[in-house]
Amino acid sequence: MSRRVVRQSKFRHVFGQAAKADQAYEDIRVSKVTWDSSFCAVNPKFLAIIVEAGGGGAFIVLPLAKTGRVDKNYPLVTGHTAPVLDIDWCPHNDNVIASASDDTTIMVWQIPDYTPMRNITEPIITLEGHSKRVGILSWHPTARNVLLSAGGDNVIIIWNVGTGEVLLSLDDMHPDIIHSVCWNSNGSLLATTCKDKTLRIVDPRKGQVVAERFAAHEGMRPMRAIFTRQGHIFTTGFTRMSQRELGLWDPNNFEEPVALQEMDTSNGVLLPFYDPDSSIVYLCGKGDSSIRYFEITDEPPFVHYLNTFGSKEPQRGMGFMPKRGLDVSKCEIARFYKLHERKCEPIIMTVPRKSDLFQDDLYPDTPGPEPALEADEWLSGQDAEPVLISLRDGYVPPKHRELRVTKRNILDARPPSGPRRSQSASDAPLSQNTLETLLEQIKALREQVQAQEQRITALENMLCELVDGTD
C-alpha cells in the first residue's frame, strides 16, 4: 500500500483563538452602512472603527491598550457630512489616518497619543476631487504621503497628502464601479476589479492597463484582487451559480488560472488579507462567522487549505494588524480585530512552538515605518522595495510624529480648467504692488501659524511626559 505523504509546511498547524473577554472593546456602535469595506483599521498604536453617527459620518480611534467598555461619550473623529465608507492608517506614520466618505471627500487626520477631551473635527487636510462617493482608500506602500482613492465616479486619484495636490488621475480606465484596488509590494502597479467583471493590472504613472482578464470569476457579484509575494494575483469572487470561488493568476499569462477553487454558497463578499512574510491569505466574509486561511506556494495545487477559525457570531467587518504590531514572544503570526454589532474582538493566529526563543523562520525582516521614497521621486519613475526591520527585539512604535502639509503657493498655480466666469470689477487683474502686499501678508501669517504649531507641539510633548509619568 502506498502511504500518503503529508505536505511539509511550518504553517500547517496555525490555530486561531479569540482573546479573553476583558481584552475586547465593548459598547461600540459599529456602522450599519451597506458597503463592502472592512470598517476597521488597526496599527501598533491604535484601533479605528467606523461607527454610527447622527447627522454625518464618524469613526472612533482607541489606543490598543484601552480594552473593556468604551464610554458612550468617548470622543469621535467627526467632520464628514455623510457616512464614512473606508478608513486606512498611514504605513509610515502611526498617528495619521485617512477617511473616505459618501460626501465625496477624503480627510486626513492627525491622532494625538493622548486621549482628546472632545471630538476631533479638524482634519489636517481635506482632499476634494471626486464627484461621487469615495469608497476605497489605500496608502502607497513605500512612498511618503502618497494616497490612492477610488470613487463612485469610476475614477482613481493618487494624491500627495503633503501638499494636497493630485499627482495622477486615472479616469478613463473603468467603465463601471470599482470594487477593489491593491498596490503591489513596491507600489509600481495596481490590481483593480470592477463591476464590468474585468480584472486589470494598471501602471498608474504611465496611465496604462498592462494586462487584463475578463470574467476571472463568472458571477456578477463583487470580486476582490490582491498581489502575492511571487507577483501573482489572488482573487475572490463568485461562479455563475453564485458559489464563492478563489483564484490565483499569473499576470504574464491571464489565459488560464494557476489555481481555481470553489468554496461554498453564500452572499458575503470574501475580503482577502494577505501576509507576504508567510504567504498566507486569510479570507473573511462579511456576515460569515469564520476565517479560512490558505498558504500560497510554488507547488501544485499552489493554494493549500490550512484551517478554519470558527465562532458563533457573524462578523460585521475586520481589522488586520501589520506584522510589526504582533507579539513575537508568543509566536503570533496574525491578529484580527473582528467587529460584532456592539463590540470588537481580537482574534490571534499562532504557530505552536515549544521554545520561548525568537523564531527566525516565522519572522523574516518585515516592512517598517520608514518610507523608501518621497512622493516626487515615485512620480518621476523611481521604485523602491519597502525598508525592512527586524522583529527580534519586538517593535516599539515611535513617539508622536506630526504630518506637515505645505500647500503650493496659490498665486503660482495655474487657473482651474472649466468654464470661466464673466469678469467683474472684483476679478480685475491684480497690480504688482497688490501681489507683493498679499505675499507679505501670507508670509507673516505663515510665520504666526508656525510659531503656534511649535507651542502646540511643546505642550503636547509636556502632556505625553506627564501621562507617561503617571503610568
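Me: Buried means under 20% relative accessible area, exposed means over 50%, and partly exposed lies in between (1.4 Å probe, protein chains only). What are Lys-323 and Asp-275 called on this scale?

Reply: Both Lys-323 and Asp-275 are buried. The structure is a predicted model, in which local features need pLDDT of at least 70 and side-chain atom pairs count only at pLDDT 80 or more, while totals for chains, interfaces and linings use all residues. Residues are numbered from 1 along each chain as its sequence is written, and side-chain values use heavy atoms, with hydrogens and water left out.

Me: What makes the contact between Lys-323 and Asp-275 a salt bridge?

Reply: The term requires a side-chain nitrogen of Lys or Arg within 4 Å of a carboxyl oxygen of Asp or Glu. The nitrogen and oxygen of Lys-323 and Asp-275 are 2.9 Å apart, so the contact qualifies. Lys-323 belongs to the loop between E28 and E29, whereas Asp-275 is in strand E24; the two are 48 residues apart.

Me: How many salt bridges does the structure hold, and what makes Asp-94 and Arg-324 one of them?

Reply: There are 20 salt bridges. For Asp-94 and Arg-324 the N to O distance is 3.1 Å, which meets the limit and therefore earns the name. Asp-94 sits in the loop between strand E8 (84-89) and strand E9 (96-101), and Arg-324 in the loop between E28 and strand E29 (332-339), so the salt bridge ties together parts that are 230 residues apart in sequence. The strands named here are DSSP runs of E with at least two residues, and helices are runs of H or I with at least four, numbered from the N terminus.

Me: Are Asp-94 and Arg-324 buried or exposed?

Reply: Asp-94 has a relative accessible area of 5% and is therefore buried. Arg-324, at 7%, is likewise buried.

Me: How do you know that Asp-102 and Arg-133 form a salt bridge, and how accessible are Asp-102 and Arg-133?

Reply: The closest N and O atoms of Asp-102 and Arg-133 are 3.3 Å apart, a distance that satisfies the criterion. Asp-102 is in the loop between E9 and strand E10 (105-110), and Arg-133 in the loop between strand E11 (125-128) and strand E12 (134-139), 31 residues apart. With relative accessible areas of 28% for Asp-102 and 30% for Arg-133, each is partly exposed.

Me: Which residues are linked in a network of salt bridges?

Reply: Arg-244, Asp-264, Asp-288 and Arg-292 are linked in such a network.

Me: How many aromatic pairs are found, and why is the one between Phe-273 and Phe-320 called tilted?

Reply: The search of the whole structure finds 13 aromatic pairs. Phe-273 and Phe-320 are 5.5 Å apart, centre to centre, with 50 degrees between the planes. Rings of Phe, Tyr and Trp (its six-membered ring) pair if their centres lie within 6.5 Å; planes under 30 degrees apart count as stacked, over 60 as edge-to-face and the rest as tilted. The angle between Phe-273 and Phe-320 is in the remaining range, so the pair is tilted.

Me: Where do Phe-273 and Phe-320 lie, and which cluster includes them?

Reply: Phe-273 is in strand E24 (residues 270-275) and Phe-320 in strand E28 (residues 317-320), so their pair ties together parts 47 residues apart in sequence. Phe-273 counts as buried at 13% relative accessibility, whereas Phe-320 counts as partly exposed at 22%. Ring pairs join Phe-273 and Phe-320 with Tyr-282, Tyr-293 and Phe-336 in one cluster.

Me: What places Lys-286 over the face of Phe-39?

Reply: A charge sits over a ring if NZ of Lys or CZ of Arg is within 6 Å of the ring centre and within 35 degrees of the ring normal. Lys-286 lies over the face of Phe-39 at 3.6 Å from the ring centre, and Arg-221 over that of Phe-238 at 5.2 Å.

Me: How many disulfides are counted, and why is Cys-344 without a bond to Cys-40?

Reply: The count is 0 disulfides, a disulfide being a pair of cysteine sulfur atoms within 2.5 Å. The sulfur of Cys-344 is 4.9 Å from the closest cysteine sulfur, in Cys-40, and that is too far for a bond. Cys-344 is buried, with a relative accessible area of 0%.
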